[in-house]
Amino acid sequence: MSRVTFKEEHCKGCLLCVNACPRKIIAQSQRFNRLGYKVVEVPAVDMERCIGCAACATVCPDYVIGVYRDGKKTQKEKRS
């Protein structure tokens with residue numbers, strides 16, 4: 001299972017990651033960081049749906065997102 005982490009104190013709530021996620025599992029939280037921005041999150045129940053594509057991390061302008069893959073090869077990687 002892949003997982004995503006967020007450095008919430010650096011998040012500016014731009015929501016670019018929300019739009020980039022192909023699984024639509026990233027959502028704006030009701031929490032605010034010290035700067036007053038609403039942060040993003042992946043609800044625990046949706047984390048297992050993360051495919052580790054890193055699209056969210058790629059579009060993040062502030063390097064807030066970390067993507068960790070489980071080490072298993074995807075179907076596409078197995079065929080090559």
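User: How many aromatic pairs does the structure hold?

Analyst: Zero aromatic pairs. Bear in mind that this is a predicted model.

User: Which residue lies over the face of Tyr68?

Analyst: Arg3 does, at 4.5 Å from the ring centre.

User: OK, salt bridges. How many does the structure hold?

Analyst: There are five salt bridges. One of them is between the side chains of Glu8 and Arg31, at 2.3 Å from N to O.

User: Where do Glu8 and Arg31 lie?

Analyst: Glu8 is in the loop between strand S1 (3-6) and helix H1 (16-20), while Arg31 belongs to strand S2 (residues 27-32), so their pairing ties together parts that are 23 residues apart in sequence.

User: Is Glu8 buried or exposed?

Analyst: Neither label fits: Glu8 is partly exposed, because its relative accessible area is 29% and buried would require under 20%. Arg31 is also listed as partly exposed, at 36% relative accessibility.

User: What does Arg34 form a salt bridge with?

Analyst: With Glu9; the closest N and O atoms are 3.0 Å apart. This pair links distant parts of the chain, 25 residues apart: Arg34 sits in the loop between S2 and strand S3 (38-41), and Glu9 sits in the loop between S1 and H1.

User: And how does Arg34 count, buried or exposed?

Analyst: Arg34 counts as exposed, because its relative accessibility is 74% and the exposed class starts over 50%. Its partner Glu9 has a relative accessible area of 32%, which makes Glu9 partly exposed.

User: What about Arg49, which residue does that one form a salt bridge with?

Analyst: Asp46, with 3.7 Å between the closest N and O atoms. Arg49 counts as partly exposed at 35% relative accessibility.

User: Which residues do salt bridges with shared partners join into one network?

Analyst: Glu8, Arg31 and Glu41 are joined that way.

User: Switching topic. Where is Ser2 placed?

Analyst: Ser2 is in the segment before S1.

User: Buried or exposed, that Ser2?

Analyst: Ser2 is buried, since its relative accessible area is 6% and the limit for buried is under 20%.

User: What does Ser2 touch, leaving out residues up to four places away in sequence?

Analyst: Ser2 touches Met47, Cys50, Ile51, Gly52, Tyr68, Arg69 and Asp70. Tyr68 came up earlier, as the residue with Arg3 over its face.

Note on methods:
Residues numbered from 1 in each chain as written. Predicted model: local features only at pLDDT ≥ 70, side-chain atom pairs only at ≥ 80, totals over all residues. Heavy atoms only, no water. Salt bridge = Lys/Arg side-chain N within 4 Å of Asp/Glu carboxyl O. Helix = DSSP H or I, 4+ residues; strand = E, 2+ residues; numbered from the N terminus. Buried < 20%, exposed > 50% of the residue type's maximum accessible area, 1.4 Å probe, protein only. Contact = heavy atoms within 4.5 Å. Phe/Tyr/Trp six-rings, centres within 6.5 Å; stacked < 30°, edge-to-face > 60°. Lys NZ or Arg CZ within 6 Å of the ring centre and 35° of its normal.
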